[in-house]
Structures are given as C-alpha cells and as structure tokens.
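Here is a set of short exercises to work through with the sequence and the model side by side. Try each task yourself before reading its solution.

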Amino acid sequence: RAKIENSGYDGWWSTPEHSRTFNNNYFISLFSKGWCPKYNVNGCSDADEQRGRCVKKTQWQICHRGADTPERAHQMMLDTDMCLHFAGSRGDTLFSKSEDCCAWTATIGVRRFDVRPLLEAEDNVWCDIECGSRLTQFSTYQCLDAGNFRQGSREFRACCGKSVNNGNNLECGTAVGNVDVRVGGPAWQETMLFAQDEEEWQESFGIAWGKATENGFGRTLTALQEAECPA
C-alpha cells in the first residue's frame, strides 16, 4: 500500500481480500470500477508548496456508490496505472492533475472484449451494483444487455455517480478505432487481455520477473540443489 508519510499517496491498489492473493485483480479493478481524480491527497498547503516543503499529490480513487465503505474508501490508482488503459479527455496521456473526468468501462460496447470473466471474478457486480438487481420500480441493472439502450447510461451513473472532488463527472478517454471510447492508453490491449485471462498475466509476469532478477548475471546463476530438510 501507499502511505502519505512515505510517498504522499494514500491507499491500496486492490481490496483487502485480494491484496492477500497473487492474482489479476489489479487489472480487473481498472475495468469494474469507476475512477475519478482526487486532488491534494497529502494536504499540502499553497504556502508550504511555495516554500518547497511539500508537493501536492493527486491520485485516482473510486467514485461510484459504495466508495465510502471501509473496503473501498482507500482503494486507489496512480497516473502510471490508469494511463496504461485510459487516454486523457483530449486524446493525450491521462494526468489526474489536469483532468476532471471519470474513467470507467461499460459491460457492453467494448468490441472484442468479453467482460463475463470479470463479472464472474467480481461475483456478478459492476461498479458496486449487482447485475440483475432492480434500481427503481421501472428499471433493472441489466449488465451485458446490448439491446437495452438505457443500460449504458445506467452503468455510467453507477460507475461515476459520486465525484471525489464534487465536480462534474465527464468521461475520460477518446475513441481508438472501433474500441470503446473510454480506452486509449498505450497498453489497452494488454490490460484487456490480463483482466480476462489470469494465466496470460501470470505467464507474462514470469517472463518480466525473470528479466528483472536475472539481468546482468549471465551464466552465473545456477539451479538450487535438492536437499532433504532436517527433521
């Protein structure tokens, strides 16, 4: 987790439950939740910043219903996380300091992207609302219902209905070909793949981890010898 006293940021990249598990929930969270910028997380005053005593830090936090619950309140992402998948409102790199928008993904409309594995991993919940649940007397939260033209607006209100800065929640991102308009980061294809398929992520992680830990050692690394543990 990130702590203000160490980095100026505050929160976890996953829920407490998933923080204890080596899985792809980080990527699933990019899709299944609504994210809005939260400014000056560390409470740096203008005077202290001018004197060089601190720098105002901005991060992304959940801004949908249920964001204030203990397991959600401190879940966050940084710009380096969000910009992998989402583009800025002008099609450029996504920066929380210069944006007042909500980054979210609909269960419908993202071509070549099947969100059913994500719904299964999230217990059929999207932006903290269970799919199939009744919202009002006349409306139901029907995830994956491409024939329901109102479902997209319902999901936007569910994912982006609570602004952490009390501002107007506009949608982040621009169109990328015929992909959903809210994606457009340089690694959007990889984030989609890793959110859908945990084995793909584990395989890629293993390759990257090997490069990071073995780089520069050449042929000097050898396998551990088998040995019996003492009784």
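**Exercise 1: Strand pairing**

β2 and strand β3 (residues 76–77) pair in the antiparallel sense over 2 bridges. Before going on, note that this is a predicted model, in which local features need pLDDT of at least 70, side-chain atom pairs count only at pLDDT 80 or more, and totals for chains, interfaces and linings use all residues. Residues are numbered from 1 along each chain as its sequence is written, and side-chain values use heavy atoms, with hydrogens and water left out.

Task: Which residue stands opposite W35 in β2, and which is the bridge partner of W60 in β3?

Solution. Start with the terms: strands (E, at least two residues) and helices (H or I, at least four) are DSSP runs, numbered from the N terminus, and two strands pair if DSSP finds at least two bridges between them. Next, look at β1 and β2 (residues 59–62), which run antiparallel and are joined by 4 bridges. There, W35 faces I62 of β2. Finally, move to β3, where M77 is the bridge partner of W60.

**Exercise 2: Two residues in loops**

Task: Is T107 buried or exposed, and which side chain makes a polar contact with that of K33?

Solution. First place T107: it sits in the loop between β4 (101–102) and α7 (116–121). Its relative accessibility is 7%, so T107 counts as buried; buried means under 20% relative accessible area, exposed over 50%, and partly exposed in between (1.4 Å probe, protein chains only).

Now list its polar contacts (pairs of N or O atoms within 3.5 Å; within protein, one must be able to donate a hydrogen and the other to accept it, and residues adjacent in sequence count only if both atoms are side-chain atoms). The T107 side chain reaches the backbone nitrogen of L144 at 3.0 Å and the side chain of E155 at 2.5 Å.

Then turn to K33, in the loop between α3 (25–32) and β1 (35–38). K33 is buried too, because its relative accessibility is 2%. Its side chain makes a polar contact of 3.4 Å with the side chain of E122.

**Exercise 3: The core**

Task: Which residues touch the most other members of the largest nonpolar core?

Solution. A nonpolar core is a set of buried Ala, Val, Leu, Ile, Met, Phe, Trp, Tyr and Cys residues joined through side-chain atoms within 4.5 Å. The largest one has 37 residues, and F31, W60, M82 and W126 touch the most other members. Elements giving two or more residues to this core include α3, β1, β2 and α9. Take F31 as an example: leaving aside neighbours within four places in sequence, its contacts (heavy atoms within 4.5 Å) include W126, M192 and A195. M192 and A195 are also among the buried residues of helix α9 (residues 188–196).

**Exercise 4: Disulfides**

Task: How many disulfides are there, and which parts does the link of C102 and C160 tie together?

Solution. Count pairs of cysteine sulfur atoms within 2.5 Å: the total is 6 disulfides. In one of them, C102 is joined to C160 with an S to S distance of 2.0 Å. This pair ties together parts 58 residues apart in sequence, because C102 lies in strand β4 and C160 in helix α8. Check burial next: C102 is buried at a relative accessible area of 0%, and C160 is buried at 4%. Lastly, the link of C102 and C160 is left-handed, with -70° about the S-S bond, whereas the disulfide of C127 and C159 is right-handed, because its torsion is about 100°.
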